[in-house]
Each structure stands twice: as C-alpha cells, then as structure tokens.
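The following paragraphs lead through the strand pairing, a surface patch, a buried core position and the salt bridges of one protein model. Please keep the sequence and the coordinates at hand while reading.

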Amino acid sequence: MKAMTPGTLELDEPIIVVSEGVRQLQVGVNRVGGTDGQIRCRYRTIPKTALPGVDYEPSFGEVIFEPGETRHVIKFRIINDHIREPLKHFQIELFDAQAAPGVLNFRGLGTKKTSLVTIADDDLNMGTIQFEKPTYRFHETIGKVLINVVRVGGSDGQIKVRYMAKNRTALEFKDFEPASGVLTFKENETKKTIPITIINDHVKEPSKSFDLVLYDAVPSPNVIHFGGLGANSVATITVLDDDGK
C-alpha cells in the first residue's frame with residue numbers, strides 16, 4: 001500500500017516588497033511535496049515598524065487544503081496614507097499546522113513559514129535625470145568646459161547615474177580627454193556638472209563631434225516609482241576648429 005504524502009505548507013517568498021499604493025497584497029500559501037488528505041494552518045500578521053490600522057489592516061485566519069489542492073491565496077489590505085515616510089515592515093506568519101484525523105506523515109510547515117513585508121512609500125517624487133541641453137558647440141581652444149546634468153520633475157531621495165564620453169568623428173586622446181564616472185544627486189539636489197577637456201591639436205580640420213552618455217540611473221534601495229533617465233540622456237558635443245582663422 002502506498003504511503004500517504006500530505007506534503008508541507010509554506011508561503012510564496014520570505015521577503016516581499018510592495019508599494020503602499022497597491023491597496024491589496026495577495027500572498028500564496030503553497031502545499032509542496034504531496035497532496036494526500038486534508039491539512040490546514042493558521043496565519044496572522046505581526047507588526048514591526050509598520051503599524052496595524054495605520055499602514056496595513058491586521059489579519060488573522062485559517063487556510064484549509066482539501067485532498068489534491070496545492071495553493072490558496074490570502075489577501076492583506078495595505079493602507080496608503082499619502083504621507084512621505086521611510087520604509088515600513090510587518091510580518092506574515094503561518095502557524096498551528098494540522099492534519100485531519102487519519103492523515104499520516106504530515107510534516108507541518110516548510111522552510112518559508114514567515115514573510116517579511118516591506119511597504120515602500122509611493123509619495124516620493126524623485127524626478128528624472130538628463131542633460132540640460134541635447135547639443136553643445138565649443139571652439140577647440142576653449143580647453144575645459146562644464147556640462148550640466150539636471151534633475152527635473154522632482155528632487156526627493158537619492159539617485160546615482162553613470163556617464164561616459166563616446167567617440168563619433170571626434171576621438172578621445174586626440175580631440176577630447178576621456179571622461180567617465182558617477183554622479184550622485186542627494187536629497188533636493190537638482191544639478192551636477194561633468195568636466196570635459198577639449199584638446200587643441202593645432203591642425204586645420206572640419207568640425208568634429210562626440211557624445212556624452214548617461215546610463216544606469218539607480219535610485220535609493222526599495223524605491224518603487226522612479227522615472228529613470230529623461231529625454232536628453234545623450235548630449236552631442238561639437239568641436240569647432242580654430243586653426244583656419
């Protein structure tokens with residue numbers, strides 16, 4: 001006779017990040033390793049830094065798996081308070097797992113018996129990052145220039161963005177010095193500058209150009225809504241020859 005395999009019960013994930021604007025969080029309880037017989041467990045929410053009734057609605061209940069059932073979804077209400085605030089946390093816990101009378105070999109709860117839920121504030125207005133202008137023109141005798149990178153549409157939180165100069169008809173080491181790095185926009189900062197050195201080669205030649213590119217814009221950890229790069233993520237710099245004068 002085949003042995004009963006009722007399986008174990010566990011949650012979807014041990015860590016969940018959700019925006020407070022989602023209103024309702026759905027979390028799966030899964031039956032793994034077998035489906036024989038009826039088994040059940042209880043669940044509850046446990047406050048951490050998130051407050052019940054303020055950041056989420058407290059919840060307590062029971063899920064019952066009939067023979068052959070492998071998944072149930074439990075729902076939790078997230079409260080959007082429209083107030084800018086730090087990350088908040090609460091925990092979902094499974095407990096008191098039981099098998100119906102006559103069900104053998106039930107192993108109870110699996111390894112994922114708790115989930116830490118992080119509620120990310122959606123009231124941040126971080127804005128987007130872009131160059132102040134899409135094109136620039138400089139004479140090759142100018143030497144060093146400063147290219148502005150701006151943050152538009154918001155200034156909440158911290159954003160980091162990388163930049164790099166890329167050849168077009170102008171070549172690095174010949175027409176301009178190589179340039180790359182990281183810009184960090186702190187809270188309420190809206191402008192940064194990138195120094196670029198133009199090389200005067202004292203040779204009569206046509207105008208040349210190269211690109212300055214923004215990429216890999218990254219907000220503070222666990223930020224849900226971030227616009228990323230704006231329309232002017234590439235600035236084309238044209239170098240005008242001075243040697244034909």
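**Strands, core and charge pairs**

Strand β7 (residues 88-99) pairs with β4 in the antiparallel sense, over eight bridges. Within this pairing, Tyr43 stands opposite Leu94 in β7. The model is a predicted one, and every value below is computed from it.

β4 (residues 39-47) also pairs with β5, again in the antiparallel sense, and here six bridges are found. Arg42 stands opposite Glu62 in β5. These strands belong to an open sheet of five, ordered β2-β8-β7-β4-β5, in which the pairing is mixed. β2 (15-19) and β5 (60-65) are its edge strands, each pairing on one side only. On average, neighbouring strands of this sheet are turned by 25° against each other, direction ignored. The parallel component of the mixed pairing can be seen at β2, which is joined to strand β8 (residues 114-120) by five bridges. There, Val17 stands opposite Thr118 in β8.

Val17 also takes part in a surface feature: together with Ile15 and Leu116, Val17 makes a nonpolar surface patch of about 250 Å². Leu116 is found in strand β8. Is Leu116 buried, partly exposed or exposed? Leu116 counts as partly exposed because its relative accessibility is 32%, and the partly exposed range lies between 20% and 50%.

A contrasting position is Ile92, which is placed in strand β7. Ile92 is buried, since its relative accessible area is 0%. Which residues does Ile92 touch, not counting those up to four places away in sequence? The contacts are Leu11, Leu25, Val27, Arg44, Thr45, Phe76, Lys113, Thr114, Ser115 and Val117. Ile92 and Ile16 are 76 residues apart along the chain, and their C-alpha atoms are separated by 10 Å. As a general point, the side chains of a regular strand alternate between the two faces of the sheet.

Another open sheet of five strands follows the order β10-β16-β15-β12-β13, with mixed pairing. Its edge strands are β10 (135-139) and β13 (180-185), and each pairs on one side only. The twist from one strand to the next averages 25°. Strand β12 (residues 159-167) pairs with strand β15 (residues 208-219) in the antiparallel sense over eight bridges. In this pairing Lys166 stands opposite Asp211 in β15.

The count of salt bridges comes to 15. One of them joins Lys88 and Asp55, whose closest N and O atoms are 3.3 Å apart. This pair links distant parts of the chain, with Lys88 in strand β7 and Asp55 in the loop between β4 and β5, 33 residues apart. Both Lys88 and Asp55 are buried.

Lys174 forms a salt bridge with Asp201 at 3.7 Å, N to O. Lys174 lies in the loop between β12 and β13, and Asp201 in the loop between β14 (191-197) and β15, so the pair ties together parts that are 27 residues apart in sequence. Lys174 counts as partly exposed because its relative accessibility is 37%, whereas Asp201, at 19%, counts as buried. Lys174 also meets Glu205 in a salt bridge, at 3.8 Å, N to O. Glu205 lies in the loop between β14 and β15, and this pair is 31 residues apart. With a relative accessibility of 16%, Glu205 counts as buried. Which residues are linked with Lys174 in a network of salt bridges? They are Asp175, Asp201, Glu205 and Lys208.

Note on methods. Residues numbered from 1 in each chain as written. Predicted model: local features only at pLDDT ≥ 70, side-chain atom pairs only at ≥ 80, totals over all residues. Heavy atoms only, no water. Pairing = 2+ DSSP bridges. Helix = DSSP H or I, 4+ residues; strand = E, 2+ residues; numbered from the N terminus. Axes fitted to C-alpha atoms, helices over the stretch in contact; angles between N-to-C directions. Patch = residues over 30% accessible without salt bridge, like charges linked within 9 Å, V, L, I, M, F, W, Y side chains within 5 Å. Areas by Shrake-Rupley, 256 points an atom, 1.4 Å probe, with all protein chains shown as cover. Salt bridge = Lys/Arg side-chain N within 4 Å of Asp/Glu carboxyl O. Buried < 20%, exposed > 50% of the residue type's maximum accessible area, 1.4 Å probe, protein only. Contact = heavy atoms within 4.5 Å.
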